[in-house]
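I opened this notebook page to record what I looked up in one structure. The entries follow the order in which I consulted it.

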Amino acid sequence: MHVEVDQPKCVASGQCVLLAPDVFDQDDDGIVELLDADPSPEHHDDVRESAAVCPAAAIRLAPR
């Protein structure tokens, strides 16, 4: 899985960080920061859930 984020779309809800803290973080303004664009399989379910609940649809997933 490959992860991309569209930072300008981010509304700083923090859902992704709560669900997948090893993959996502937030800057001082609450905007998403991607920590791992190619997370290990153990994180895939959390990343998928993060993308599904993101209110701004700022997380894109692609197969690897």
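The entries below concern a histidine, the nonpolar core and the cysteines.

**Entry 1: the model.** I note at the outset that this is a predicted model.

**Entry 2: His44.** I located His44 in helix α2, which spans residues 44-53. I then looked up its exposure: His44 has a relative accessible area of 13% and is therefore buried, the limit being under 20%. For its side chain, I found a polar atom 3.1 Å from the backbone oxygen of Pro39. Setting aside neighbours within four places in sequence, I listed Met1 and Pro39 as the contacts of His44.

**Entry 3: the nonpolar core.** I looked up the largest nonpolar core and found 16 residues in it. Val3, Cys16, Phe24, Val32, Val47 and Ile59 have the most contacts inside this core. At least two of its residues come from each of β1 (2-5), α1 (15-19) and α2. I followed Val47 further; beyond four places in sequence, its contacts include Met1, Val3, Phe24 and Leu61. Pro39 is also among the contacts of Val47, and I had already noted Pro39 as a contact of His44.

**Entry 4: the cysteines.** I searched for disulfides and found zero. Why does Cys10 form no such bond? The closest cysteine sulfur to that of Cys10 belongs to Cys16 and lies 6.3 Å away, which is too far for a bond; a disulfide requires the sulfur atoms to be within 2.5 Å. From the side of Cys16, I recorded Cys10 as the residue with the closest cysteine sulfur. Both cysteines are buried: Cys10 has a relative accessible area of 16%, and Cys16 is at 11%.

Note on methods
Residues are numbered from 1 along each chain as its sequence is written. This is a predicted model: local features need pLDDT of at least 70, side-chain atom pairs count only at pLDDT 80 or more; totals for chains, interfaces and linings use all residues. Side-chain values use heavy atoms; hydrogens and water are left out. Helices (H or I, at least four residues) and strands (E, at least two) are DSSP runs, numbered from the N terminus. Buried means under 20% relative accessible area, exposed over 50%, partly exposed in between (1.4 Å probe, protein chains only). A polar contact is a pair of N or O atoms within 3.5 Å; within protein, one must be able to donate a hydrogen and the other to accept it, and residues adjacent in sequence count only if both atoms are side-chain atoms. Contact means heavy atoms within 4.5 Å. A nonpolar core is a set of buried Ala, Val, Leu, Ile, Met, Phe, Trp, Tyr and Cys residues joined through side-chain atoms within 4.5 Å.
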